[in-house]
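Below are my notes on the model you sent, set out as numbered points. Please read them beside the sequence and the coordinates.

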Protein chains: 2
Amino acid sequence: MVPADTRPRRRADAERSIARIVSAARDCLSRDPDATVDDIAKAADVGRMTIYGHFRTRPELVEAALADALQAGEQMLVGVDLDGDAQQAMNRLLASSWSLVAESAALLTAAQAVLPAGRLRELHTGAADRVEQLIRRGQEQGVFRTDLPITWLVNAVHYLLNGAAEETRLGRLDPASTADVVTATVQAVLATPPANDIHPPR
Amino acid sequence: MVPADTRPRRRADAERSIARIVSAARDCLSRDPDATVDDIAKAADVGRMTIYGHFRTRPELVEAALADALQAGEQMLVGVDLDGDAQQAMNRLLASSWSLVAESAALLTAAQAVLPAGRLRELHTGAADRVEQLIRRGQEQGVFRTDLPITWLVNAVHYLLNGAAEETRLGRLDPASTADVVTATVQAVLATPPANDIHPPR
DNA sequence: TGCAAGTCGTACAGCCGCATACGAGTTCGG
DNA sequence: CCGAACTCGTATGCGGCTGTACGACTTGCA
């Protein structure tokens, strides 16, 4: 909604520095939500002072990193065909973007600690909404379950992606097969359960 | 394995203080892994110094809290019948202990930050192993899926429990129905998938 | 080529959390 | 009821991270 950045007046190398910094911030914060400004500077191969030259405070940097990741998500979504069978659409979506979503989710928790709650939801709502709509369409098609709150389904997928990313990071999951594992698991969570195999509570 | 505590020589009120402290530590750390020693002291309604009278360092306190939670888990397990149909056994297990497991999981991440990796696994292995064995039995019975790594299945359950706990904490999930939601979701993850409804990768 | 923009190191202040020291008051337990 | 165990406040040192200040050096750009 903002026309562009308020400051188009930046030099080319500064632009490059900022890109490296934001990229490094995404990297570091996804791994450790408490990553230091200094850590990020080292990862970006930049002096700490350079960072403060572009971002006043650490929260501001975190927000920039999150915004960047979310924007990358946007661009990924436009390249994925979300029409047709919702189940297959979800598979396509996961195949192309599960790792990004997982990264963003970790980043999100990093941001949660330093950004005001409202600001955060404001940034992140868009992405979550799209997933929710896809699930809703799957429900209307009868392929996704309707017996659980849709909010839970959306977030459960998030938690699973997060988990898969962490398992991979820890070497407990083969990176090559992570995508398939994630897809299969999410499919199981969302699929309409076989009618009466569910044991009623109590 | 340790006979008892190395110090049976403690006064009654000290015993009470310790209990309150450990309990408060479990509470605080489950909510915020970065909870301060002072926070915990306030929650336990004790002076900060009293804590240092019983626990030399913060990590030592965290370990005590985790150990306490795990021991509570042990006691919960002995009361649950794990024989018979693995699916129903898992349901029973979740019904009686999902919240405890979820709390311990949050505590676990708190501990992960301050305890050496080896020490942590040493404490926590027991619990995870039991879940793994139950899943393995379900696989032999044919009710649980075998097409995904068992390590992933175990941890996926953990991540889901964690997520459910957080959703409940944030008020996005009705506390009364959380247990059912968890049960249904875990069941979906573990169940043997309908033979050929799975779209092969690519 | 020359100036402004950008980079980067060092140094410093402020804050916060951990942990220790000391000392006085309180409570258990024999 | 007396001594030891326990509680608890205050003060203090230490270390790490944030954010600011200054100054020198390099680099884009017109």
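1. In this predicted model, 64% of the atoms of DNA strand D within 4 Å of the protein belong to sugar or phosphate, and the rest belong to bases. Around the strand there are 21 residues (a residue counts as near if one of its heavy atoms lies within 4 Å), and R58(A), R11(B), S17(B), V46(B) and H54(B) come nearest.

2. Polar side-chain atoms reach phosphate oxygens of DNA strand D from both chains: the N or O atom is 2.4 Å away for S17(B), 2.8 Å for H54(B) and 3.4 Å for Y52(A). The elements giving two or more residues to this surface are α1 (12-31) and α3 (48-54) of chain A, together with α1 (12-31) and α3 (48-54) of chain B, where helices are DSSP runs (H or I) of at least four residues, numbered from the N terminus.

3. The surface near DNA strand D divides into 7 nonpolar, 6 polar and 8 charged residues, with Ala, Val, Leu, Ile, Met, Phe, Trp, Tyr, Cys and Pro taken as nonpolar, Asp, Glu, Lys and Arg as charged, and the others, Gly among them, as polar.

4. Within chain B, helix α4 (residues 58-78) packs against helix α5 (residues 86-112) at about 165 degrees, with the axes 10 Å apart; the two are therefore roughly antiparallel (an angle over 145 degrees). Their contact (heavy atoms within 4.5 Å) involves residues including A69(B) and G73(B) of α4(B) and S97(B) and L100(B) of α5(B), and its residues comprise 13 nonpolar, 4 polar and no charged.

5. Residues are numbered from 1 along each chain as its sequence is written, and chains are lettered from A and ligands numbered from 1 in the order in which they are written. Local features need pLDDT of at least 70 and side-chain atom pairs pLDDT 80 or more, whereas totals for chains, interfaces and linings use all residues, and side-chain values use heavy atoms, leaving out hydrogens and water.

Definitions and conventions
Axes are lines fitted to C-alpha atoms, for helices over the stretch in contact, and angles run from 0 to 180 degrees between N-to-C directions. Angles under 35 degrees count as roughly parallel, over 145 as roughly antiparallel, 65 to 115 as roughly perpendicular and the rest as oblique. A polar contact is a pair of N or O atoms within 3.5 Å; within protein, one must be able to donate a hydrogen and the other to accept it, and residues adjacent in sequence count only if both atoms are side-chain atoms.
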